[in-house]
Amino acid sequence: MKIQSVSALLILPLVALLFCSPCGAAEYPLTINDSAGREVTLQMPVERIIVLSTDAAEAVELMGAEDMIVGVTDTVQKYSWYFPNLKNKALVGKWSAPDYEVIAQIAKGNEDIITPNILVLGYPSGKMGGKSYGVDAVAEGLAPFKGIAVAGFSFYKGESIDEEIIQLGKILGKEDKAQEYITWKNSQKEAIASAVEGKSIPRVYFESTQPKGLGELKTNGGSSDIDKSIRLAGGLNIFGSSSDEAITTSWETVISKNPEIIVQVKSDDILGWGAFPSSNTIAAQQVRDEIMSRTGGNAVPAIKKDNVWIVYRKMLYGPGSVAGTAFMAKLLHPDVDLDPSGVYKEYLDLLGIKYPEGRTFVYPELASAS
């Protein structure tokens with residue numbers, strides 16, 4: 001009888017450990033490092049999230065944790081087609097100027113004090129009109145309200161996104177989801193690299209906005225993710241030798257570099273474009289016509305060979321940018337064995353968004369990518 005009692009005393013703590021302390025469960029307070037080099041301490045598991053950027057909203061959706069989001073900025077509401085379940089969440093101001101009083105009120109809820117189970121996800125850094133909207137400014141603005149953790153992650157820069165997703169997975173207890181996304185993304189990148197291996201390398205001019213004038217063209221240099229995307233897709237960015245991320249150039253300079261492919265991005269407030277002649281593709285055609293008719297363009301290989309493309313902006317940036325790279329590879333090398341629409345569909349599946357069948361993300365439309 002005495003031996004049985006001792007055995008029971010030994011077994012019960014083990015049972016308690018199995019059921020109450022899962023292997024790998026985080027212990028609190030939990031300290032993580034954000035992309036601004038800050039230590040962020042969470043006093044208890046995160047149950048509520050406020051996102052200040054569309055990329056942060058996307059990352060949380062990838063973790064399957066969108067139900068935790070209780071507040072969003074204007075851009076997240078604007079992209080309601082990308083975040084259909086977030087459009088009715090509380091608005092906490094502009095992406096570049098969050099309303100700290102509103103955030104504090106949401107954090108407090110109906111209680112007298114803030115329960116520290118809330119996290120604000122902002123940008124690591126950034127300025128608009130001379131005023132910072134980076135995480136340091138957000139943390140300072142929320143400093144009077146105790147109990148609100150603030151972390152800065154970009155969720156769109158190629159060199160940091162994997163680590164940021166891992167950190168977010170750790171914060172939310174979604175390490176498996178984080179690894180699922182990283183594994184998927186890296187497998188897609190490997191497939192693209194394999195598909196274009198050994199192909200000729202065309203010179204590419206990437207125009208990042210519709211120009212205000214031919215002396216103020218915006219493009220990207222060698223330190224940009226767009227340059228990395230072009231190289232992975234089997235092309236050579238004609239401004240890739242520059243160490244700058246963003247570049248202002250002129251049409252005359254572009255002509256001198258003899259691009260064989262021209263790509264310009266186009267923004268829209270819907271997911272994909274209807275088939276021509278929809279209003280969106282007519283607008284894309286007008287943009288393309290402007291490029292094709294630029295002075296001196298008849299000497300540019302891309303224009304002479306009709307290799308001018310208008311590409312849906314959203315898929316080139318952020319956590320889903322590998323889909324944009326797949327489209328880019330197909331534009332540069334039409335004969336490669338890639339299914340860009342399939343890649344984008346898989347990414348939208350990870351987000352829980354239905355792929356818009358019968359729509360296009362490139363104009364002129366690629367028959368094999370529709």
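**Exercise 1.** Find which residues the ring pairs link into a cluster.

*Solution.* Start with the rule: rings of Phe, Tyr and Trp (its six-membered ring) pair if their centres lie within 6.5 Å. Following such pairs joins Tyr79, Trp81, Tyr82, Phe83, Trp273, Tyr312, Phe327, Tyr344, Tyr355 and Phe361 into a cluster. In total, the structure holds 16 aromatic pairs.

A word on the model: it is predicted, so local features need pLDDT of at least 70 and side-chain atom pairs pLDDT 80 or more, while totals for chains, interfaces and linings use all residues. Numbering runs from 1 along each chain as its sequence is written, and side-chain values use heavy atoms, without hydrogens and water.

**Exercise 2.** Classify the pair of Trp95 and Tyr133 as stacked, tilted or edge-to-face.

*Solution.* Planes under 30 degrees apart count as stacked, over 60 as edge-to-face and the rest as tilted. Here the centres are 4.9 Å apart and the planes stand at 70°, so the pair is edge-to-face. Next, place the partners: Trp95 is in the loop between strands E6 (93-94) and E7 (97-98), and Tyr133 in the loop between strand E10 (131-132) and helix H5 (135-142), so the pair ties together parts 38 residues apart in sequence. Helices (H or I, at least four residues) and strands (E, at least two) are DSSP runs, numbered from the N terminus.

**Exercise 3.** Locate the charges that sit over the rings of Tyr79 and Trp251.

*Solution.* Look for NZ of Lys or CZ of Arg within 6 Å of the ring centre and within 35 degrees of the ring normal. Lys78 lies over the face of Tyr79, 5.7 Å from the ring centre. Over Trp251 you will find the charged end of Arg294, at 5.0 Å from the centre.
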